[in-house]
Amino acid sequence: MNIIDAPIAAETEYRHRVSVSDASPPLDKLNRPLRDLRLSVIDQCNFRCTYCMPRDTFGPDYPFLPSAQRLSFEQMVKLAKAFALLGVEKIRITGGEPLLRRGLEALIEQLAKLTTASGKPMELALTTNGSLLAAKARSLRDAGLNRVTVSLDAVDDAVFRRMSDVDMPVSRILDGIETARAVGLAPIKVNAVVERGVNDSQILPLVRQFKGSGVAVRFIEYMDVGGAGGWSNTKVITARETRQIVEAEFPLIPIVSPEQMGTAVTYRHADGKGDVGFIASVSQPFCGTCTRARVSADGQLYTCLFATQGTDLRPWLADNASVEQLATAVRGRWIQRDDRYSELRSAPRRPGSAKVYPTVRMSLVGG
Ligand code: SAM
Ligand code: SF4
Ligand code: SF4
């Protein structure tokens with residue numbers, strides 16, 4: 001380099017450094033990167049699970065978001081692009097019940113075209129109650145959906161109806177799971193919330209139902225999140241207790257997988273016929289590895305399931321703001337993040353405590 005080029009080279013290098021540092025994946029205050037986006041596409045649901053949307057609160061007059069206030073698919077794609085720039089590798093579509101959002105396949109088709117910052121295809125997952133899955137599994141797969149998680153808390157009709165507060169047989173959900181499997185959506189997981197005295201009788205039947213089918217069952221501790229008005233920690237069956245119940249009939253071997261770094265601790269049936277997972281969100285919180293952001297159906301960014309307030313992203317979702325400007329706004333919020341509510345709250349909790357944290361409702365922000 002000659003002396004005349006030097007200042008220009010230095011300036012170029014400076015600009016380069018600035019843009020690289022802006023584009024590098026942000027870390028929050030506890031050094032956690034942003035890897036997962038949970039995108040809620042609708043806050044309504046056709047179920048009234050007693051632990052999520054109890055009917056006495058979510059009745060006919062409940063003020064759900066009017067459709068005009070929901071983000072459009074274009075805005076969601078813009079969001080996804082911005083989150084991809086920041087390091088997100090997996091997008092989970094959720095709700096409410098996401099399959100109630102009309103034309104969801106069109107959104108999935110757009111999201112399936114995205115790549116991550118490192119050039120890999122974006123992983124696309126869906127969490128659903130399964131009631132509309134038999135009808136939609138094929139079109140979802142054709143649109144580019146990779147994996148699906150179905151929430152199912154019981155295989156006994158009476159328990160299922162009581163817990164989901166819906167007039168529907170379990171067979172409808174099982175048909176949905178079977179169709180999803182048949183069209184090649186994989187992996188398929190079944191998530192079951194376990195509530196003492198309500199569906200603990202269903203732990204073994206759920207394992208029996210899916211063992212050897214290629215579908216992994218994961219048991220989730222009943223959490224005191226928004227919506228769970230009747231929560232008390234006496235109703236929580238810990239992941240450890242659930243595992244002991246399973247192990248009384250099915251020998252399990254722990255498996256070490258990247259999954260274990262996140263939420264579920266996974267075990268394999270000793271005969272190799274499938275996996276069972278345990279999610280200890282209450283008894284052993286995993287805030288230290290929590291890399292999730294949630295965006296509600298009306299464009300609020302939540303950095304924790306237990307957050308009481310979101311950050312309104314709509315100004316950056318308007319046509320006159322670019323994807324990069326939106327990414328900068330999200331980055332600004334993420335680097336301020338210090339959430340670890342489950343860890344902090346696990347300390348003072350006593351048996352019989354019925355305190356439910358006044359969080360945003362689960363059905364708005366997505367589970
Ligand atoms: N409607 C879809 C479904 O049920 O899969 C997606 C949204 S739902 C809010 C997402 C997940 O949150 C479900 O697996 C549900 O079981 C879980 N969930 C809701 N309330 C919960 C609670 N109080 N404790 C634990 N999990 C809960
Ligand atoms: Fe609906 Fe899912 Fe909540 Fe049940 S858990 S009420 S299916 S949003
Ligand atoms: Fe993540 Fe908040 Fe749950 Fe902790 S409490 S694991 S920070 S969502």
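A residue counts as near ligand 1 here if one of its heavy atoms lies within 4 Å of the ligand. The views below all come from a predicted model.

**Close-up 1. The shell around ligand 1.** By that cut-off, 18 residues surround ligand 1, and the closest are Y51, G96, T127, S151 and M223. Sorted by class, the shell splits into eight nonpolar, eight polar and two charged residues.

**Close-up 2. Polar contacts to nitrogen atoms of ligand 1.** Start with the backbone: an N or O atom of Y51 sits 3.1 Å from a ligand nitrogen, and a polar backbone atom of M223 is 2.9 Å from a nitrogen atom of ligand 1. E97 uses its side chain instead, with an N or O atom 3.3 Å from a ligand nitrogen. As for cover, the protein takes up 94% of the 550 Å² of accessible area that ligand 1 has on its own.

**Close-up 3. The two faces of helix α4.** Look along residues 133-143 and you'll find L133, A137, L140 and A143 buried. They sit on the same side of α4 because they cover an arc of only 135° around the axis. That fits the usual pattern: an α-helix has 3.6 residues a turn, so residues three or four places apart point the same way. Over on the face turned away from the buried side are the exposed residues A135 and D142.

**Close-up 4. What packs over α4, and what follows the helix.** The cover on the buried residues of α4 includes two helices, α3 (104-111) and α6 (170-182), along with the strands β3 (123-128) and β4 (147-151). Just past the end of α4, G144 takes a positive phi of about 115°.

Terms used
Residues are numbered from 1 along each chain as its sequence is written. Chains are lettered from A and ligands numbered from 1 in the order in which they are written. This is a predicted model: local features need pLDDT of at least 70, side-chain atom pairs count only at pLDDT 80 or more; totals for chains, interfaces and linings use all residues. Side-chain values use heavy atoms; hydrogens and water are left out. Buried means under 20% relative accessible area, exposed over 50%, partly exposed in between (1.4 Å probe, protein chains only). Helices (H or I, at least four residues) and strands (E, at least two) are DSSP runs, numbered from the N terminus. The arc is that of the directions from the helix axis to the C-beta atoms. Contact means heavy atoms within 4.5 Å. A polar contact is a pair of N or O atoms within 3.5 Å; within protein, one must be able to donate a hydrogen and the other to accept it, and residues adjacent in sequence count only if both atoms are side-chain atoms. Accessible areas come from the Shrake-Rupley method with a 1.4 Å probe; for residues, only the protein chains shown count as cover. Ala, Val, Leu, Ile, Met, Phe, Trp, Tyr, Cys and Pro count as nonpolar, Asp, Glu, Lys and Arg as charged, and the others, Gly among them, as polar.
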